[in-house]
Structures are given as structure tokens and as C-alpha cells.
Amino acid sequence: MLTIPGICWLCRMPLARSGWGVCSRCARSLKSPSHCPQCGLPAAHGRLPCGRCLQKPPPWQRLVYISDYAAPLSSLVHKLKFQRQTTLAAALARLLLLNVLQERRTAGLPPADRIISVPLHRRRAWRRGYNQSDLLARCLARWLGCQYEARAISRVRATAIQHHLSARLRRRNLKNAFRLELPVKGLHIVIVDDVVTTGSTVAQIARLLLQHGAATVQVWCLCRTL
């Protein structure tokens with residue numbers, strides 16, 4: 001039976017393996033600039049914490065992402081998040097997986113005990129029909145052989161849409177918005193999100209995890225706005 005290969009979402013060329021979504025050439029082209037391994041913002045040295053993190057480190061230890069929020073990746077993320085193109089989740093998760101594996105080989109990124117995703121409030125999840133971060137996390141956990149806890153964090157308070165708010169208002173908007181549902185003491189946790197902008201959301205969750213005894217927290221996301 002003749003099988004038709006998939007098409008790369010970025011360059012529209014045939015893929016060697018159907019269903020992968022993005023070819024190896026495009027995956028290599030999506031390289032982020034030299035950035036701080038902790039906060040993910042531009043830095044002169046890509047292996048040491050930047051001056052910002054030395055003075056006031058974020059509540060997580062490492063941040064891994066594919067690229068900044070720019071075309072063509074930003075277009076795919078927007079389609080996944082707002083246009084119900086959930087078939088993009090596996091392709092985008094694969095790109096993130098490649099970066100995670102690269103960081104493990106070259107920078108000693110430690111493995112995780114649990115993967116969790118940034119939750120949506122139940123009303124927003126009902127309206128959208130899915131949680132894009134959940135779709136990404138499920139793929140990553142399966143490929144890495146890591147346990148995924150879909151209900152580890154719940155969003156107990158509906159919040160305003162974050163991308164319209166300033167950094168200060170984002171922090172206020174998220175105060176007491178999350179609740180930990182499972183024990184995490186002594187565990188190395190990865191938080192998966194689609195886009196990290198100011199970091200307010202993942203910071204709130206990271207603090208909650210650390211307050212309950214998590215050993216370390218990493219953040220993995222598709223894009224980091226610079």
C-alpha cells in the first residue's frame with residue numbers, strides 16, 4: 001500500500017516520517033539566541049546565570065524553550081492555542097523535545113521525576129475544549145518515559161487573560177489562583193507551558209511546588225518572549 005509522507009508545517013516539504021510535523025532542517029533553524037539558562041532572557045553567556053538571576057533568581061532552576069515568540073513558530077503556537085488545530089501539538093512538542101535532549105547532552109540538564117502542565121480554569125477549558133499545555137506535556141512525558149500528572153495543579157480562581165496585562169498586574173491577577181493537589185516533596189518537577197512572557201504564571205506554580213517540598217523545578221515552553 002502506498003503511503004503519502006507528511007508535509008513540514010514550516011517549509012511545506014515532504015517529511016521522511018509522517019506525523020512528525022517539522023523537518024530536521026527547519027528544526028535546526030529554530031535556534032534561540034544566546035540566553036540565560038535560568039530565566040531564558042538574552043545573555044552574553046549561555047551556560048551561566050545572567051546578572052539578573054544572580055541578583056534576583058526566578059523560583060525555578062532551568063528554563064528550556066525552542067525560540068522567541070516570532071514567525072514562523074509564533075503562527076503555529078497561535079493556531080494551536082486559538083484556532084483548535086490540536087494536531088500541531090505533537091509537532092511542536094517534538095521541537096521542544098529536541099531542545100530538551102540537546103540540553104541534557106551539552107549542559108547537564110537533569111531528568112525529571114514528574115511532568116505537570118499549566119492548568120486552565122474549568123470554564124476556560126470548557127469553552128476551548130482542551131488545554132494546549134496539557135497536550136504538549138502528554139507527548140513529552142510519553143516520549144521521555146516520565147510520569148505525567150495532569151491534575152497536580154488546579155486553577156481555583158478564574159483570572160483575566162494575561163497577555164493584556166502588565167507584569168505587575170499579571171502577578172496580582174494570579175495571586176492565590178492555583179492549588180496543589182498531589183504530594184511533590186523531594187521530587188524534581190517540570191512545568192510545561194506554551195509561551196512564557198513575564199514568567200508570572202510559571203513563577204506562581206514554581207513557588208507553590210517549592211513551598212510543598214519539591215526538590216527542583218524546571219520550566220519547558222515552546223516560546224519565550226524576549
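Axes here are lines fitted to C-alpha atoms, for helices over the stretch in contact, and angles run from 0 to 180 degrees between N-to-C directions. Keep that in mind for the helix pairs on this tour.

**Stop 1: the whole chain**

Start with everything shown. This is a predicted model, and the protein chain has eight helices and seven strands. Of its 226 residues, 48% are buried. Take the contacts between residues at least 6 apart in sequence: 69% of them join residues at least 24 apart.

Now colour by pLDDT. The chain averages 86, and 83% of the residues score at least 70. Select residues 114-117 next: this is strand 2, which has the highest mean pLDDT of the elements, 98. Then jump to residues 167-173, helix 7, which has the lowest, 62. Where pLDDT is low, the predicted coordinates should not be read in detail.

**Stop 2: helix 3**

Select residues 73-82 and show the side chains. Which residues of helix 3 are buried? They are L73, S74, L76, V77 and L80. Look down the axis of helix 3 and you'll find these buried residues within an arc of 160 degrees, so they line one face of the helix.

To see what that face packs against, bring up these partners of the buried residues:

- strand 1 (62-67) and helix 4 (88-107)
- helix 6 (132-144)
- strand 6 (188-196) and strand 7 (216-224)

Before moving on, click on R84, just after helix 3: R84 takes a positive phi of about 60 degrees.

**Stop 3: K79**

Stay in helix 3 and pick K79. Is K79 buried or partly exposed? With a relative accessible area of 28%, K79 is partly exposed. Leaving aside neighbours within four places in sequence, K79 is in contact with R84, Q85 and L88. Try a C-alpha to C-alpha distance from K79 to A89 as well: the two are 10 residues apart in sequence and 10.0 Å apart in space.

**Stop 4: helix 3 against helix 4**

Keep helix 3 on screen and add helix 4, residues 88-107. The two axes come within 10 Å and cross at roughly 140 degrees. Angles over 145 would count as roughly antiparallel, and helix 3 and helix 4 are therefore oblique to each other. The crossing of helix 3 past helix 4 is left-handed.

For the contact itself, select L73, L76, V77, K79 and L80 in helix 3, which meet L88, A89, L92 and L95 in helix 4.

**Stop 5: helix 4 against helix 6**

Hide helix 3 and add helix 6, residues 132-144. How far apart are the axes of helix 4 and helix 6? They are 9 Å apart, and the helices pack at an angle of about 50 degrees. Helix 4 and helix 6 are therefore oblique to each other, and helix 4 passes helix 6 in a right-handed crossing.

On the helix 4 side, the contact is made by A89, A90, L92, A93, R94, L96, L97, L101 and R104. On the helix 6 side, look for L135, L136, C139, L140, W143 and L144. Note that A89 and L92 of helix 4 take part here and also meet helix 3.

**Stop 6: C26**

Finish at helix 1, residues 24-29, and pick C26. At 8% relative accessibility, C26 counts as buried. Which residues does C26 touch, not counting those up to four places away in sequence? C8, L10 and C11. From C26 to C8 the C-alpha to C-alpha distance is 8.3 Å, with the two 18 residues apart in sequence.

Technical notes:
Residues numbered from 1 in each chain as written. Predicted model: local features only at pLDDT ≥ 70, side-chain atom pairs only at ≥ 80, totals over all residues. Heavy atoms only, no water. pLDDT = per-residue confidence, 0-100. Helix = DSSP H or I, 4+ residues; strand = E, 2+ residues; numbered from the N terminus. Buried < 20%, exposed > 50% of the residue type's maximum accessible area, 1.4 Å probe, protein only. Arc of directions from axis to C-beta. Contact = heavy atoms within 4.5 Å. Parallel < 35°, antiparallel > 145°, perpendicular 65-115°, else oblique. Left-handed = near helix turned anticlockwise from the far one by under 90°.
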